[in-house]
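Good morning, colleagues. Please take a moment to look at the sequence and the structure before I begin.

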Amino acid sequence: MTTSWMDGVTRVAVLTGAGISTDSGIPDYRGPSGVWTRDPTLIEAFTYGSFMVDPEVRATFWRTYRGHPAFSARPNGAHRALADLERGGFAVRVLTQNVDGLHQRAGSSPRKVLELHGSIRETVCTGCGARTPTSIDEGDEDRRCADCGGILKLGVVMFGEHLDPATVGLAERIASHSELMLVVGSSLLVEPVASLCAVAVNGGNRLVIVNRDPTPYDDLATAVIREPIGTALPRICAALAGG
Ligand code: ZN
């Protein structure tokens, strides 16, 4: 099965959000059982300014993350479909808002995956900038750098932090040079990532959105697909590969 919006597509940029990982048991943020919906007070723990000044906030943060399902989660069929599409020789770039690393675990090449909001698998020193693999069994709730004593944080973009400008610039170039921008499981409420859709459309490319709920960019889209991601994405990838 192919549909007209797939015609002539040789390069696809896939923008993924929390919705692609919920089938892997990782809760989204804003859905009915989302992280922020269930406990809005956690937003403080995920805000850079509060995290940096308050050891109690840091303790809450690390306690919340220690048992996070993302550390043990496995990729699902949607992650694998994208990895298979790349493996089959199709030009796929993944731009992800997710910090769970599941695209790479599914087999997407790390150099083809841009983690716009960072990764929980890396811990960063706010003092010297050193990056180390995240330890999840550490008991210490106010983690400090072994080298400089600086406050350690997860390598994810917290509220109040800016995205890496070089990463955003690269994402914009990918969005403007791919004939198709496929958005999967993102509510497109978080900037500057959401405006990558406008970059794609302004570049003359097609925008197709696969998401459970309406997004602010639906009106710009060539097609909007409400079907569950777990069935929609493998079908779309198979059609692109066969097209
Ligand atoms: Zn340090």
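I shall speak about a metal site, a helix pair, a loop and a strand residue.

This is a predicted model, in which local features need pLDDT of at least 70 and side-chain atom pairs count only at pLDDT 80 or more, while totals for chains, interfaces and linings use all residues. Residues are numbered from 1 along each chain as its sequence is written, and side-chain values use heavy atoms, with hydrogens and water left out.

I begin with the zinc ion. Its coordination comes from the SG atoms of Cys125, Cys128, Cys145 and Cys148, at 2.3 to 2.4 Å. Donors here are N, O and S atoms within 2.8 Å of the metal (3.2 Å for Na, K and Ca); water is not among the atoms, so sites may look incomplete. The angles among the 4 donor atoms run from 97 to 118°, and the site is tetrahedral, a term that requires four donors with all angles between 85 and 135 degrees. Along the chain, the donors follow the spacing C-x2-C-x16-C-x2-C. Cys125 lies in strand β4 (residues 118–125) and Cys145 in the loop between β5 (131–133) and β6 (152–156), so the pair ties together parts that are 20 residues apart in sequence. Strands (E, at least two residues) and helices (H or I, at least four) are DSSP runs, numbered from the N terminus. Cys125 counts as buried at 2% relative accessibility, and Cys145 counts as buried at 10%; buried means under 20% relative accessible area, with a 1.4 Å probe and protein chains only.

Next, the helices. Helix α5 (residues 77–87) packs against helix α9 (residues 229–242) at an angle of about 10°, with their axes 8 Å apart. Axes are lines fitted to C-alpha atoms, for helices over the stretch in contact, and angles run from 0 to 180 degrees between N-to-C directions.

I turn to the loop between β7 (180–184) and α8 (196–202), where Pro192 lies. The peptide bond from Glu191 to Pro192 is cis, with omega near 5°. Leu188 lies in the loop between β7 and α8 as well, and has a positive phi of about 55° although it is not a glycine. Most residues other than glycine have a negative phi, and most peptide bonds are trans. Leu188 counts as buried, at 3% relative accessibility.

Finally, Leu95 is placed in strand β2 (residues 91–96). Leu95 counts as buried, at 0% relative accessibility.

Key: Tetrahedral: all angles 85-135°; square planar, octahedral: opposite > 155°, others 65-115°. Buried < 20%, exposed > 50% of the residue type's maximum accessible area, 1.4 Å probe, protein only.
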